[in-house]
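Colleague: I'm new to reading protein models. Please take me through this one, feature by feature.

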Amino acid sequence: MKYRQLGDTDLNISELSFGTWAIGGSWGKSDDDEALKGLERAMDAGVNFFDTADVYGDGHSEELLAKATKGKEDKIHIATKFCRAGDIFNPETYSEKAVTEYCEASLKRLQRDTIDLYQIHCPPMEILKNGQVFEVLDKLQKQGKIRQYGVSVETVEEGLFCLDQSNVKALQVIFNIFRQKAIPELLPQAKAKGVGLLARVPLASGLLTGKFSTNATFEADDHRNFNKDGEAFNVGETFAGIEFSKGVELSQKLNWIAEDRGNMARAALRWILDHEEITTVIPGFKTVKQVEDNLQAIQVPSFSEEELKRLTDFYAVEIHPNIRGVY
């Protein structure tokens with residue numbers, strides 16, 4: 001496992017880490033025992049960073065992380081998020097009282113004294129421009145409840161705005177072969193300003209595994225069913241904002257990336273890792289097998305300049321016109 005520094009902080013984290021939305025909820029059935037085994041397998045392989053949120057299974061993924069990392073709190077770093085348990089458009093959700101309560105509830109579930117990275121969970125631009133939430137996070141940092149803080153954003157515009165906030169040390173962005181808009185401006189500016197980047201939805205909700213057919217179905221409690229057209233939250237969080245059948249069609253045109261890289265998932269993760277500005281990529285998982293397969297991405301060959309240009313052109317011509325939602 002290789003490690004990358006999170007911006008200009010003292011956090012050195014595994015370049016391939018894991019998100020825990022899927023083991024918390026909203027991805028269909030999951031098994032806690034299997035989830036704990038998956039977390040253990042990841043840590044055995046050198047993964048020292050996990051991303052979660054207070055709304056993943058109403059705190060369930062935080063509780064699973066507490067069990068998995070017990071006794072390893074000084075070695076395993078955890079990032080969690082807040083605000084979506086309330087009304088994200090209401091400024092009171094970001095008041096000192098509310099954020100402190102969110103933070104202390106997460107600390108209790110995580111069984112920790114400090115959160116390594118505390119992130120605002122995709123807030124509206126109006127909230128970011130208001131600025132109050134950053135002052136609150138500064139106070140929590142001084143109190144020792146959080147080590148660093150960042151923002152999970154939906155759009156490049158939001159990300160660029162956050163880069164101008166002096167104590168924001170990390171941005172979490174949707175970044176994958178289907179979502180390349182961040183490359184020309186956001187990635188280099190983040191690096192220049194010492195801000196770490198976490199790449200989420202790296203496999204486009206599974207489209208970039210190449211395993212789906214157009215007649216695939218998802219369980220009722222899986223967001224790939226109930227948010228497929230943005231009914232519950234930003235459509236970009238599901239299938240990278242691409243209509244499912246179109247996404248399957250586009251993914252089939254990318255089968256070539258798997259050549260000499262084992263499979264499409266490993267190749268898709270490798271493409272992200274080939275961008276030096278990215279601190280870590282955080283695929284999700286529900287099984288040990290998925291953890292093991294994703295870990296192989298760090299071993300497969302990087303993309304050549306010719307391949308990268310082919311993917312850039314493919315994005316511009318075939319993918320970009322089909323992305324729905326703000327980004």
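Modeller: Let's start with helix α12: β3, α2 (32–44) and α11 are among what covers its buried residues. Those names come from DSSP runs, numbered from the N terminus: H or I over at least four residues gives a helix, and E over at least two gives a strand. This is a predicted model, with residues numbered from 1 along each chain as its sequence is written, local features needing pLDDT of at least 70, and side-chain atom pairs counting only at pLDDT 80 or more. Totals for chains, interfaces and linings use all residues, while side-chain values use heavy atoms, leaving out hydrogens and water.

Colleague: Which residues of α12 are buried?

Modeller: Buried means under 20% relative accessible area, exposed means over 50%, and partly exposed is in between (1.4 Å probe, protein chains only). In α12 (residues 288–295), the buried ones are V288, V291, D293, N294 and L295.

Colleague: Is K139 buried or exposed, or in between?

Modeller: K139 has a relative accessible area of 42%, so it is partly exposed. You'll find K139 in helix α6 (residues 132–142). Its C-alpha atom is 31 Å from that of P283, with the two positions 144 residues apart along the chain.

Colleague: Now the sheet. What is the order of its strands?

Modeller: Here's the general idea: strands of a sheet pair through backbone hydrogen bonds, either parallel or antiparallel. Two strands count as paired if DSSP finds at least two bridges between them. In this model, eight strands form an open sheet in the order β3-β4-β5-β6-β7-β8-β9-β10, and the pairing is parallel. β3 (18–19) and β10 each have a single partner strand, so one side of each has no neighbour in the sheet.

Colleague: How many bridges join β6 and β7?

Modeller: Six bridges, with β6 and β7 in the parallel sense. One pair to look for is H121 with its bridge partner S152 in β7. On the other pairing of β6, strand β5 (residues 77–82) and β6 (residues 115–121) are parallel over four bridges, and F82 has I120 in β6 as its bridge partner. Helix α4 packs on the sheet, touching β5, β6 and β7, and its direction makes about 135° with that of β6.

Colleague: And which strands pair with β8?

Modeller: β7 (residues 146–152) pairs with β8 in the parallel sense over four bridges, and V151 has L171 as its partner in β8. Strand β9 (residues 196–200) also runs parallel to β8, joined by five bridges. β7, helix α7 (residues 156–163) and β8 make a right-handed β-α-β unit. The chain then goes from β8 through helix α8 (residues 186–192) to β9 in another β-α-β crossover, also right-handed. Right-handed means that, with the strands pointing away from the viewer, the path from the first strand over the helix to the second runs clockwise.

Colleague: Why is β8 described as largely enclosed?

Modeller: Because seven of the seven residues of β8 (residues 168–174) are buried. For β7, six of the seven are buried, so that strand is largely enclosed too.

Colleague: Let me zoom in on one residue of β8. What does Q172 touch?

Modeller: Contact means heavy atoms within 4.5 Å. Leaving aside neighbours within four places in sequence, Q172 is in contact with D51, K81, Q119, V151, S152, V153, L198, R200 and I282. Q172 counts as buried, since its relative accessibility is 1%.

Colleague: Last one: at what angle do α3 and α4 pack?

Modeller: Two packed helices are described by the angle between their axes and the distance between the axes. Axes are lines fitted to C-alpha atoms, for helices over the stretch in contact, and angles run from 0 to 180 degrees between N-to-C directions. Helix α3 (residues 60–68) and helix α4 (residues 96–110) pack at about 40°, and their axes are 7 Å apart. That makes α3 oblique to α4 (under 35 degrees is roughly parallel, over 145 roughly antiparallel, 65 to 115 roughly perpendicular, and the rest oblique). E62, E63, L65 and A66 in α3 meet S106, R109 and L110 in α4.
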